[in-house]
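These are my notebook entries from a reading of one model. I took up aromatic contacts, strand pairing, backbone exceptions and the nonpolar cores in turn.

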Amino acid sequence: MDEGMSRLWEWYLWKCLENNVRFKAQIMSASLQSREQTKCLDAKTENKDDITHLEMSENLFEEHEKTYEVPLLPVELVQEFIRFARDHGRAVNKNDNISPTITSLSFPSLGFKRDAASSATSYSYPTDPHAVSTEEALSYYAGLPSQPALIYRTGKEQWSPPKGPEAYRRLKELCQVFAHPIIEVWNDELGWKVVSVMDAHQIRFTTIDIVRFKKVVEDDEEGEAKNPVVGPVTIWIGVSPDTTSATAAHGAAQDVLALLKDYKITDVDVDFRESAYVREVGPRLHRPVGDLDPLVDVVGPLTPALGLGISTNARLGAQGTMAVYIAEGGDNDRLLGLTCRHVLISSKDTNVDYVYHPSAPTRDVLLGKRAFNNLVDSIKVRIGRHGIAIKRWRSQIAGFKRREQGTDAADVAKARADRGVTQGLVNNAEAAMDALGELLNQVNQDWNQPNNRVLGHVLRSPAIALGVGPHRFTEDYGILQVNRDKLGEGFQGNKIDLDAFLTIPPRLRTKLDADEFTLKCYPHADADWKFRFPDDRLLPLTGTISDDLMRHPDMWDLDGELCLLVVKNGNATGTTIGRANGVFSIVRDYFNDPSINQTSMEWGIINYDSKSEVFSKAGDSGSIIADIRGRIGGMLTGGSGKTESSDMTYATPFWWLLERIQANGFPNAHLNVVA
């Protein structure tokens, strides 16, 4: 039974139960009806004057309402938006039913693209003595967003094909690594020796992550929570699809295990899986609005809060996210913006330093086309949903009026009260439709043309380089000059909108209400600190997460384990929460040519848990990542996974990135932006 039929069946059973309860109540009250009628008549006679006054007041109010009624959107337009909302919902549900496990992918440098279906037999090498079975290859990482294929593993865990109910419960999720000896030696020495091992064995790896795997367990039949099973620390190596045999992976893994013994580390496994590393791109702005404003669900992309979806005039189809605002400092009061270079400049262009020259054409940066289209669609959907709700409420009001003609005094009073409340809902929805209609007209009139969406232009962008400096991080950034006037009076500096999700397509976004967000932010920190959701939903960013804090955080989860919860607001997935890893990942980019590659360290972010949406997707590049205390951690540069969903997200540490910006033309740059 599909989801739609299941819901229809639940509704049918509920209606049967509701009718049964109502019929019982009618039978029980039948014998008392005559006495109740007598009491009602007596009450009406006794309160005749008050009832007459109330009826006159209601009639006067209705006439007043008709006289001063605010004109609503045309009925035909509302009907059009209702149809749009329904079609939009059906399209989303249809897309959600597509299984990501039956397709292979090609990964252009600016986003994901689906290709033809792949054959499952590609994971099985019958003549390879180290190959895992096809079943194990395809189901070992069940539970991870992209469900990558296992190629080889050194762990001692005995695997058997899942059967019966167990088949749906043997799921895994990634866990971060802290408080392990590998942290102290990985970044400067061990990680790069592992890279040398991969190169010696000609392994075409894409990413190397240090993780743990936790088996997702359900509560037992009595509802008692079971303790999750967390596996050993694992060097998790991603390789390009169809490039590495199990025997090749086995040989490389044995050398890695021998290397670990030199560091007296003997409790670490080595896994190989298929995965790709991808760089994820995708008039005055409004001031942020409060929770009670009818525009709160849609206006986010038109506010200057962090998370603006941007593109350039030369590449309207490629879109990413603006990271933070930066003050140029010194004698210059220019307001700067930061994002990834691959958001601003195509990989087809020559990879050389770009510096703006006044006599040359500008590379304008503007609100992205996809963000604009999503905004328009979200307004239409919201109007349509209000229209659907109003129809239902008006039908309920008609029912309340009929009940008010009854003889049961208590039911009459209840119906009258419910009618007042429901009429208030109708009034609020109609006012919201008017406000949304005005916003839609303004958006179509003022923001439809790309020239009207220009926020500034690119000033400087070094060539993309991996493995830069002694830390061997990724240099992939661009600086733009922001037109401060374009930001409007709502500009408040560097703040992340923690409630920015509703303009994201539903199948991509993570919806986190304030209470849900707060429940996820459970870590203990200082005795005097705990997370509090901001009243205006805007999390101020102050300070940075140091290199030492990234590896030795000052937060603990409910079990007393070290953790570092982080948040970002991206153009593709909105606001999401993730878990920073204590061991940096290694990524390798082949730039569409297997013979050319660069390798770099990245700050790795793991999805919050198996029940949450992914931390990032294509289009989130450039997003700033901060911890839940508001300390800036890094700029999102890419992600890895076998399908469109990312198992890991990668970012360049901001403490290092700011140093590079200051050394490359902006010596006085700082984050203390004056709003």
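**Entry 1. The aromatic cluster**

I began with the ring pairs that link Tyr140, Tyr141, Phe213 and Trp236 into a cluster. The model is predicted, and I read every value below as computed from it. The count of aromatic pairs comes to eight. I then looked up the geometry of one of them: the ring centres of tyrosine 140 and tyrosine 141 are 5.1 Å apart and the planes stand at 80°, so I recorded the pair as edge-to-face. A plane angle over 60 degrees is what earns that term.

I next asked whether tyrosine 140 is buried or exposed. Its relative accessibility is 6%, so it counts as buried, the limit being under 20%. Tyrosine 141 is also buried, with a relative accessible area of 0%.

A further pair consists of tyrosine 325 and phenylalanine 491, whose ring centres lie 4.8 Å apart with planes at 80°, so this pair is edge-to-face. Where do the two partners lie in the chain? Tyrosine 325 belongs to strand S12 (residues 325-327), while phenylalanine 491 is in the loop between strand S19 (478-482) and strand S20 (495-497); the pair therefore ties together parts that are 166 residues apart in sequence. I noted both tyrosine 325 and phenylalanine 491 as buried.

**Entry 2. Charges over rings**

I returned to tyrosine 140 to see what lies over its face. Lysine 172 does, at 3.9 Å from the ring centre. A second case involves arginine 204, whose charged end sits over the ring of tyrosine 590 at 4.3 Å from the centre.

**Entry 3. Strand S5 and its partners**

I then examined strand S5 (residues 205-216). Nine of its 12 residues are buried, so I describe S5 as largely enclosed by the rest of the structure.

Which strands pair with S5? I listed the following partners.

- Strand S4 (residues 171-175) runs antiparallel to S5 and is joined to it by five bridges; leucine 171 has valine 216 of S5 as its bridge partner.
- Strand S7 (residues 233-239) pairs with S5 in the antiparallel sense over six bridges, and isoleucine 208 is bridged to isoleucine 237 in S7.
- Strand S26 (residues 585-589) is antiparallel to S5, with two bridges; here threonine 207 has valine 587 as its bridge partner.
- Strand S6 (residues 229-230) is also antiparallel to S5 over two bridges, and lysine 215 stands opposite valine 229.

**Entry 4. Strand S25**

I looked up strand S25 (residues 574-580) in the same way. Seven of its seven residues are buried, so S25 is largely enclosed by the rest of the structure.

Strand S24 (residues 565-570) pairs with S25 in the antiparallel sense over six bridges. Within that pairing, valine 567 has isoleucine 577 as its bridge partner. What joins S24 to S25 along the chain? I found a hairpin, which passes through three residues.

S25 is also antiparallel to strand S27 (residues 598-607), with three bridges between them. Alanine 580 stands opposite isoleucine 605 of S27.

**Entry 5. Positive phi outside glycine**

I checked the backbone for exceptions, because most residues other than glycine have a negative phi. Alanine 179 has a positive phi of about 55°. Alanine 179 is located in the loop between S4 and helix H6 (182-200). Its relative accessibility is 68%, so I entered alanine 179 as exposed, the term being used for values over 50%.

Arginine 537 likewise has a positive phi, of about 70°, and lies in the loop between helix H11 (514-520) and strand S21 (538-540). Is arginine 537 buried or exposed? I recorded arginine 537 as buried, at a relative accessible area of 5%.

**Entry 6. The nonpolar cores**

Lastly I turned to the nonpolar cores. Which members of the largest core touch the most other members? Among its 125 residues, they are Trp186, Met198, Phe272, Leu338 and Trp603. I also found a second, separate core of 18 residues, whose members include Ala137, Tyr140, Leu144 and Ile464.

Tyrosine 140 thus recurs in my entries: it belongs to the second core, takes part in the aromatic cluster and has lysine 172 over its face.

Methods
Residues numbered from 1 in each chain as written. Predicted model: local features only at pLDDT ≥ 70, side-chain atom pairs only at ≥ 80, totals over all residues. Heavy atoms only, no water. Core = buried A, V, L, I, M, F, W, Y, C linked by side-chain atoms within 4.5 Å. Buried < 20%, exposed > 50% of the residue type's maximum accessible area, 1.4 Å probe, protein only. Phe/Tyr/Trp six-rings, centres within 6.5 Å; stacked < 30°, edge-to-face > 60°. Helix = DSSP H or I, 4+ residues; strand = E, 2+ residues; numbered from the N terminus. Lys NZ or Arg CZ within 6 Å of the ring centre and 35° of its normal. Pairing = 2+ DSSP bridges.
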